[in-house]
Amino acid sequence: MSVLPALPGQIRVVEVGLRDGLQAVFDPVLPTEVKVEVVQRLIDAGVREIEAVSFAHPSVLPQLADAAEIMAKVPRPQSVRYRGLVPNLRGAQRAVQTGLDEITVVISADEEVSRRNQNRTTDQLLTELAEIGPLVRESGADLAVGVACAFFAPASGPVVWDRTMAVVDAAVDAGAHGVYLAATSGMEHPYEMVAGIQRVRERHPHLDIGVHLHNRNGLAMTNAIAAMGAGADWLETAFGGLGGDMWFPGDPEVLGNAPTEDLLHVCDMLGVDTGIDLDCYRDIVHFVAEQTGRRPVSFVSRGGSRDELAAAAWPE
(Lines give C-alpha, C1' and ligand atoms only; values in the text may rest on other atoms or scores of the structure.)
Protein backbone atom coordinates (compact mmCIF):
# COMPACT_ATOMS: atom_id res chain seq x y z
CA MET A 1 0.00 0.00 0.00
CA SER A 2 1.47 3.36 -1.06
CA VAL A 3 2.08 5.98 1.60
CA LEU A 4 2.66 8.70 -0.99
CA PRO A 5 -0.18 11.10 -1.76
CA ALA A 6 -1.95 10.60 -5.07
CA LEU A 7 0.02 12.67 -7.54
CA PRO A 8 -1.40 14.44 -10.59
CA GLY A 9 -0.77 13.19 -14.09
CA GLN A 10 0.86 16.48 -14.94
CA ILE A 11 2.10 19.66 -13.29
CA ARG A 12 2.92 23.13 -14.56
CA VAL A 13 6.51 24.21 -14.01
CA VAL A 14 7.23 27.94 -13.94
CA GLU A 15 10.88 28.74 -14.70
CA VAL A 16 12.08 31.67 -12.60
CA GLY A 17 15.82 31.48 -13.26
CA LEU A 18 15.92 34.49 -15.57
CA ARG A 19 14.48 36.67 -12.82
CA ASP A 20 14.91 35.19 -9.36
CA GLY A 21 18.06 33.36 -10.41
CA LEU A 22 19.91 36.09 -12.27
CA GLN A 23 19.04 38.77 -9.72
CA ALA A 24 21.60 37.10 -7.44
CA VAL A 25 24.33 37.41 -10.08
CA PHE A 26 25.91 40.85 -9.82
CA ASP A 27 28.97 40.11 -11.96
CA PRO A 28 28.98 39.54 -14.85
CA VAL A 29 25.91 41.37 -16.11
CA LEU A 30 24.76 39.16 -18.96
CA PRO A 31 24.06 40.75 -22.36
CA THR A 32 20.44 40.97 -23.41
CA GLU A 33 21.17 38.64 -26.33
CA VAL A 34 22.35 35.91 -23.96
CA LYS A 35 19.17 36.17 -21.91
CA VAL A 36 17.05 35.98 -25.06
CA GLU A 37 19.03 32.91 -26.11
CA VAL A 38 18.27 31.30 -22.75
CA VAL A 39 14.58 31.99 -23.34
CA GLN A 40 14.74 30.33 -26.75
CA ARG A 41 16.54 27.30 -25.30
CA LEU A 42 13.91 27.01 -22.57
CA ILE A 43 11.15 27.05 -25.15
CA ASP A 44 12.96 24.44 -27.25
CA ALA A 45 13.19 22.20 -24.16
CA GLY A 46 9.43 22.47 -23.61
CA VAL A 47 9.18 25.16 -20.95
CA ARG A 48 5.91 27.03 -21.40
CA GLU A 49 5.79 29.42 -18.44
CA ILE A 50 8.78 31.73 -17.99
CA GLU A 51 9.34 34.49 -15.46
CA ALA A 52 11.61 36.38 -17.80
CA VAL A 53 12.01 39.86 -16.31
CA SER A 54 11.73 42.16 -13.33
CA PHE A 55 10.85 45.83 -13.29
CA ALA A 56 12.80 46.73 -10.19
CA HIS A 57 14.71 50.00 -10.44
CA PRO A 58 17.85 49.48 -12.58
CA SER A 59 20.07 50.98 -9.89
CA VAL A 60 18.91 48.29 -7.46
CA LEU A 61 19.26 45.34 -9.83
CA PRO A 62 21.48 46.22 -12.82
CA GLN A 63 21.32 42.59 -13.99
CA LEU A 64 17.60 43.04 -14.68
CA ALA A 65 17.72 46.57 -16.11
CA ASP A 66 17.03 45.41 -19.67
CA ALA A 67 13.54 44.05 -19.02
CA ALA A 68 11.84 46.03 -21.80
CA GLU A 69 14.57 45.10 -24.31
CA ILE A 70 14.25 41.42 -23.46
CA MET A 71 10.48 41.43 -23.93
CA ALA A 72 10.89 43.22 -27.28
CA LYS A 73 13.19 40.45 -28.54
CA VAL A 74 11.89 37.16 -27.15
CA PRO A 75 9.95 34.80 -29.43
CA ARG A 76 6.19 34.90 -28.97
CA PRO A 77 4.70 31.47 -29.67
CA GLN A 78 1.10 31.23 -28.53
CA SER A 79 1.92 28.27 -26.30
CA VAL A 80 4.33 30.27 -24.12
CA ARG A 81 3.35 32.57 -21.26
CA TYR A 82 5.73 35.28 -20.07
CA ARG A 83 5.65 36.66 -16.58
CA GLY A 84 7.32 39.76 -15.14
CA LEU A 85 7.78 40.79 -11.53
CA VAL A 86 6.88 44.31 -10.41
CA PRO A 87 7.90 45.71 -6.99
CA ASN A 88 5.52 48.68 -7.00
CA LEU A 89 3.02 50.73 -9.00
CA ARG A 90 5.72 52.47 -11.04
CA GLY A 91 7.15 49.10 -12.03
CA ALA A 92 3.69 47.92 -13.02
CA GLN A 93 3.22 50.98 -15.21
CA ARG A 94 6.40 50.03 -17.09
CA ALA A 95 5.53 46.34 -17.24
CA VAL A 96 2.09 46.69 -18.81
CA GLN A 97 3.68 48.29 -21.88
CA THR A 98 5.74 45.19 -22.74
CA GLY A 99 3.06 42.67 -23.66
CA LEU A 100 3.53 40.35 -20.70
CA ASP A 101 0.96 37.63 -20.23
CA GLU A 102 1.16 37.82 -16.46
CA ILE A 103 2.40 40.36 -13.96
CA THR A 104 3.42 39.28 -10.48
CA VAL A 105 3.61 41.24 -7.25
CA VAL A 106 5.43 39.70 -4.28
CA ILE A 107 4.35 40.68 -0.77
CA SER A 108 5.84 39.26 2.41
CA ALA A 109 3.60 37.89 5.12
CA ASP A 110 6.41 38.68 7.57
CA GLU A 111 6.69 42.33 8.51
CA GLU A 112 10.44 42.40 9.17
CA VAL A 113 11.26 40.76 5.84
CA SER A 114 8.95 43.23 4.08
CA ARG A 115 10.75 46.20 5.59
CA ARG A 116 14.23 44.86 4.98
CA ASN A 117 13.60 43.60 1.46
CA GLN A 118 11.31 46.32 0.09
CA ASN A 119 11.66 49.10 2.68
CA ARG A 120 7.91 49.16 3.20
CA THR A 121 5.41 47.53 5.50
CA THR A 122 3.15 44.72 4.39
CA ASP A 123 0.13 47.02 4.72
CA GLN A 124 1.76 49.65 2.49
CA LEU A 125 2.38 47.01 -0.18
CA LEU A 126 -1.19 45.72 0.07
CA THR A 127 -2.52 49.26 -0.39
CA GLU A 128 -0.45 49.62 -3.55
CA LEU A 129 -1.58 46.19 -4.76
CA ALA A 130 -5.15 47.51 -4.83
CA GLU A 131 -3.95 50.13 -7.34
CA ILE A 132 -1.87 47.71 -9.39
CA GLY A 133 -4.72 45.24 -9.87
CA PRO A 134 -6.95 47.43 -12.09
CA LEU A 135 -3.92 48.61 -14.10
CA VAL A 136 -2.90 45.03 -14.88
CA ARG A 137 -6.42 43.92 -15.77
CA GLU A 138 -6.92 46.90 -18.11
CA SER A 139 -3.72 45.92 -19.94
CA GLY A 140 -5.14 42.47 -20.67
CA ALA A 141 -2.54 40.67 -18.55
CA ASP A 142 -3.26 38.35 -15.64
CA LEU A 143 -2.29 39.27 -12.11
CA ALA A 144 -0.54 36.83 -9.80
CA VAL A 145 0.57 37.52 -6.25
CA GLY A 146 3.43 35.78 -4.50
CA VAL A 147 3.21 35.47 -0.73
CA ALA A 148 6.81 35.64 0.47
CA CYS A 149 7.55 33.92 3.79
CA ALA A 150 4.17 32.22 3.56
CA PHE A 151 5.19 29.54 6.07
CA PHE A 152 8.42 30.53 7.84
CA ALA A 153 10.52 33.68 8.17
CA PRO A 154 14.21 34.26 8.96
CA ALA A 155 14.90 35.64 12.44
CA SER A 156 11.32 34.83 13.41
CA GLY A 157 10.19 31.27 12.72
CA PRO A 158 6.77 29.92 11.72
CA VAL A 159 4.50 32.61 10.31
CA VAL A 160 1.04 33.05 11.81
CA TRP A 161 -1.30 31.77 9.13
CA ASP A 162 -3.67 34.72 9.46
CA ARG A 163 -0.88 36.95 8.11
CA THR A 164 -0.40 34.72 5.08
CA MET A 165 -4.13 34.57 4.42
CA ALA A 166 -4.43 38.36 4.70
CA VAL A 167 -2.11 38.66 1.68
CA VAL A 168 -4.03 35.96 -0.19
CA ASP A 169 -7.37 37.70 0.50
CA ALA A 170 -5.96 41.04 -0.66
CA ALA A 171 -4.71 39.37 -3.84
CA VAL A 172 -8.19 38.06 -4.59
CA ASP A 173 -9.70 41.48 -3.88
CA ALA A 174 -7.20 43.02 -6.34
CA GLY A 175 -8.35 40.62 -9.06
CA ALA A 176 -5.51 38.09 -8.98
CA HIS A 177 -6.18 34.89 -10.90
CA GLY A 178 -3.55 33.05 -8.89
CA VAL A 179 -1.29 33.19 -5.86
CA TYR A 180 1.82 31.30 -4.95
CA LEU A 181 2.99 30.43 -1.48
CA ALA A 182 6.72 31.01 -1.28
CA ALA A 183 9.04 28.82 0.76
CA THR A 184 11.29 31.85 1.05
CA SER A 185 13.45 30.72 3.95
CA GLY A 186 14.11 27.21 2.63
CA MET A 187 13.17 25.84 6.07
CA GLU A 188 9.63 24.81 5.24
CA HIS A 189 8.42 21.22 5.53
CA PRO A 190 5.83 19.04 3.74
CA TYR A 191 3.10 19.31 6.38
CA GLU A 192 3.20 23.09 5.98
CA MET A 193 2.93 22.73 2.19
CA VAL A 194 -0.15 20.52 2.44
CA ALA A 195 -1.88 22.58 5.12
CA GLY A 196 -1.21 25.87 3.33
CA ILE A 197 -2.51 24.74 -0.04
CA GLN A 198 -5.58 23.14 1.51
CA ARG A 199 -6.44 26.25 3.53
CA VAL A 200 -6.19 28.54 0.51
CA ARG A 201 -8.19 26.09 -1.63
CA GLU A 202 -10.97 25.86 0.96
CA ARG A 203 -11.27 29.63 1.19
CA HIS A 204 -10.82 30.43 -2.51
CA PRO A 205 -11.80 27.31 -4.50
CA HIS A 206 -11.35 28.88 -7.95
CA LEU A 207 -7.93 30.40 -7.33
CA ASP A 208 -4.86 28.99 -9.09
CA ILE A 209 -2.34 28.04 -6.40
CA GLY A 210 1.39 27.64 -6.86
CA VAL A 211 4.38 27.00 -4.62
CA HIS A 212 7.78 28.70 -4.94
CA LEU A 213 10.48 26.31 -3.73
CA HIS A 214 13.77 26.98 -1.93
CA ASN A 215 16.21 24.34 -0.76
CA ARG A 216 18.15 25.43 2.36
CA ASN A 217 16.98 22.41 4.39
CA GLY A 218 17.23 19.91 1.54
CA LEU A 219 13.48 19.27 1.49
CA ALA A 220 12.59 21.13 -1.70
CA MET A 221 11.79 18.00 -3.70
CA THR A 222 9.91 16.46 -0.77
CA ASN A 223 7.96 19.70 -0.51
CA ALA A 224 7.30 19.56 -4.25
CA ILE A 225 5.83 16.06 -3.94
CA ALA A 226 3.72 17.16 -0.98
CA ALA A 227 2.50 20.24 -2.85
CA MET A 228 1.54 18.20 -5.91
CA GLY A 229 -0.31 15.73 -3.73
CA ALA A 230 -2.16 18.59 -2.03
CA GLY A 231 -3.36 19.93 -5.39
CA ALA A 232 -0.96 22.71 -6.29
CA ASP A 233 -1.50 23.98 -9.83
CA TRP A 234 2.12 24.93 -10.47
CA LEU A 235 5.62 24.81 -8.98
CA GLU A 236 8.35 27.44 -9.33
CA THR A 237 12.05 26.59 -9.65
CA ALA A 238 15.23 27.99 -11.24
CA PHE A 239 17.90 26.55 -13.50
CA GLY A 240 20.88 25.26 -11.56
CA GLY A 241 19.31 26.31 -8.25
CA LEU A 242 20.51 29.82 -9.01
CA GLY A 243 19.43 32.75 -6.85
CA GLY A 244 16.93 32.79 -4.03
CA ASP A 245 17.73 32.88 -0.32
CA MET A 246 21.01 34.68 0.31
CA TRP A 247 20.03 36.76 3.33
CA PHE A 248 21.59 34.71 6.11
CA PRO A 249 24.87 32.80 6.37
CA GLY A 250 25.09 29.30 5.03
CA ASP A 251 26.87 27.15 2.50
CA PRO A 252 26.00 28.31 -1.05
CA GLU A 253 25.56 24.62 -1.92
CA VAL A 254 22.28 24.53 0.00
CA LEU A 255 21.02 28.11 -0.33
CA GLY A 256 18.66 29.44 -2.90
CA ASN A 257 16.00 28.32 -5.32
CA ALA A 258 15.20 24.68 -5.88
CA PRO A 259 16.80 23.53 -9.15
CA THR A 260 14.36 23.02 -12.00
CA GLU A 261 16.36 20.07 -13.30
CA ASP A 262 15.94 18.23 -9.99
CA LEU A 263 12.19 18.82 -10.15
CA LEU A 264 12.06 17.52 -13.72
CA HIS A 265 14.05 14.44 -12.69
CA VAL A 266 11.72 13.73 -9.77
CA CYS A 267 8.63 14.21 -11.91
CA ASP A 268 10.02 11.90 -14.59
CA MET A 269 10.64 9.20 -11.98
CA LEU A 270 7.16 9.56 -10.47
CA GLY A 271 5.30 9.66 -13.79
CA VAL A 272 4.20 13.30 -13.50
CA ASP A 273 4.30 14.96 -16.92
CA THR A 274 5.91 18.40 -17.12
CA GLY A 275 6.15 18.63 -20.92
CA ILE A 276 9.85 19.49 -20.50
CA ASP A 277 12.71 17.35 -21.82
CA LEU A 278 15.21 16.78 -19.00
CA ASP A 279 18.21 16.16 -21.25
CA CYS A 280 17.59 19.33 -23.26
CA TYR A 281 17.03 21.26 -20.07
CA ARG A 282 20.32 20.07 -18.58
CA ASP A 283 22.11 21.56 -21.59
CA ILE A 284 20.58 24.92 -20.61
CA VAL A 285 21.86 24.51 -17.06
CA HIS A 286 25.42 24.04 -18.34
CA PHE A 287 25.07 27.01 -20.71
CA VAL A 288 23.91 29.30 -17.90
CA ALA A 289 26.74 28.07 -15.67
CA GLU A 290 29.26 28.97 -18.37
CA GLN A 291 27.75 32.43 -18.78
CA THR A 292 27.49 33.27 -15.08
CA GLY A 293 30.46 31.39 -13.64
CA ARG A 294 28.10 29.79 -11.10
CA ARG A 295 28.11 26.02 -11.11
CA PRO A 296 24.75 24.27 -10.67
CA VAL A 297 23.96 22.89 -7.22
CA SER A 298 21.39 20.34 -8.37
CA PHE A 299 21.66 16.67 -7.49
CA VAL A 300 21.02 15.55 -11.06
CA SER A 301 23.82 17.79 -12.35
CA ARG A 302 26.33 16.38 -9.88
CA GLY A 303 25.11 12.80 -9.46
CA GLY A 304 23.51 12.07 -12.81
CA SER A 305 20.05 10.83 -13.62
CA ARG A 306 18.37 7.53 -12.75
CA ASP A 307 18.64 6.42 -16.38
CA GLU A 308 22.33 7.29 -16.54
CA LEU A 309 23.08 5.28 -13.43
CA ALA A 310 21.11 2.33 -14.75
CA ALA A 311 23.15 2.42 -17.95
CA ALA A 312 26.51 2.79 -16.19
CA ALA A 313 29.09 0.01 -16.28
CA TRP A 314 31.19 -1.22 -13.39
CA PRO A 315 34.84 -0.24 -13.82
CA GLU A 316 37.08 -3.05 -15.01
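These are my notes on salt bridges, a charged surface patch and some odd backbone spots in a predicted model.

**Entry 1: salt bridges**

I started with the charge pairs. Side chains of opposite charge can pair when their charged atoms come close. The count here came to 19 salt bridges, and I looked up three of them.

Arg19 and Glu51 went down as the opening pair, with N to O at 2.7 Å. They sit 32 residues apart in the chain, with Arg19 in helix H1 (residues 17-21) and Glu51 in strand S2 (residues 49-54). Buried or exposed, I wondered about Arg19? Arg19 has 6% relative accessibility, so I put it down as buried. Glu51 is buried as well, because its relative accessible area is 0%.

Next I checked Asp142 and Arg81, whose closest N and O atoms are 3.0 Å apart. This one ties strand S5 (residues 142-148), home of Asp142, to strand S3 (residues 81-85), home of Arg81, across 61 residues. Asp142 is partly exposed at 31% relative accessibility, and Arg81 is partly exposed at 28%.

Then I went to Glu236 and Arg83, which form a salt bridge at 2.9 Å, N to O. Glu236 is in strand S10 (residues 234-237) and Arg83 is in strand S3, which puts the partners 153 residues apart. Both Glu236 and Arg83 are buried.

Which residues do shared partners join into one network? I listed Arg19, Asp20, Glu51, Arg81, Arg83, Glu102, Asp142 and Glu236. The three pairs above have their residues in that one network.

**Entry 2: the negative patch**

I moved on to the surface and found a patch of negative charge. Its members are Asp268, Asp273, Asp277, Asp279, Asp283 and Asp307. I picked Asp277 for a closer look. Asp277 is in the loop that runs between helix H10 (260-270) and helix H11 (278-292). Why does Asp277 count as partly exposed? Its relative accessible area is 37%, and partly exposed means from 20% to 50%.

**Entry 3: Arg282**

While in helix H11 I also looked up Arg282, which has its place there. Arg282 counts as buried, because its relative accessibility is 11% and the cut-off for buried is under 20%. I then asked what its side chain has for company. A polar atom of the Arg282 side chain lies 3.4 Å from the backbone oxygen of Val300.

**Entry 4: backbone oddities**

Last, I went through the backbone. Most residues other than glycine have a negative phi, and most peptide bonds are trans. I noted three spots that go the other way.

The peptide bond from Asp27 to Pro28 is cis, and I read omega as near 5°. Pro28 belongs to the loop between H1 and helix H2 (32-45).

Asn119 is not a glycine, yet its phi is positive, at about 60°. I found Asn119 in the loop between helix H5 (111-118) and helix H6 (122-139). Asn119 has 66% relative accessibility, so I marked it as exposed.

Where does Ala155 sit? Ala155 is in the loop between strand S6 (152-153) and strand S7 (157-158). Ala155 has a positive phi near 60°, again in a residue other than glycine. I marked Ala155 as exposed too, because its relative accessibility is 76%.

Note on methods:
Residues are numbered from 1 along each chain as its sequence is written. This is a predicted model: local features need pLDDT of at least 70, side-chain atom pairs count only at pLDDT 80 or more; totals for chains, interfaces and linings use all residues. Side-chain values use heavy atoms; hydrogens and water are left out. Patches are made of residues with over 30% relative accessible area and no salt bridge: like charges are joined within 9 Å, nonpolar side chains (Val, Leu, Ile, Met, Phe, Trp, Tyr) within 5 Å. Accessible areas come from the Shrake-Rupley method with a 1.4 Å probe; for residues, only the protein chains shown count as cover. A salt bridge is a side-chain nitrogen of Lys or Arg within 4 Å of a carboxyl oxygen of Asp or Glu. Lys and Arg count as positive and Asp and Glu as negative; His and the chain ends are not counted. The place of a charge is taken as NZ of Lys, CZ of Arg, CG of Asp or CD of Glu. Helices (H or I, at least four residues) and strands (E, at least two) are DSSP runs, numbered from the N terminus. Buried means under 20% relative accessible area, exposed over 50%, partly exposed in between (1.4 Å probe, protein chains only). A polar contact is a pair of N or O atoms within 3.5 Å; within protein, one must be able to donate a hydrogen and the other to accept it, and residues adjacent in sequence count only if both atoms are side-chain atoms.
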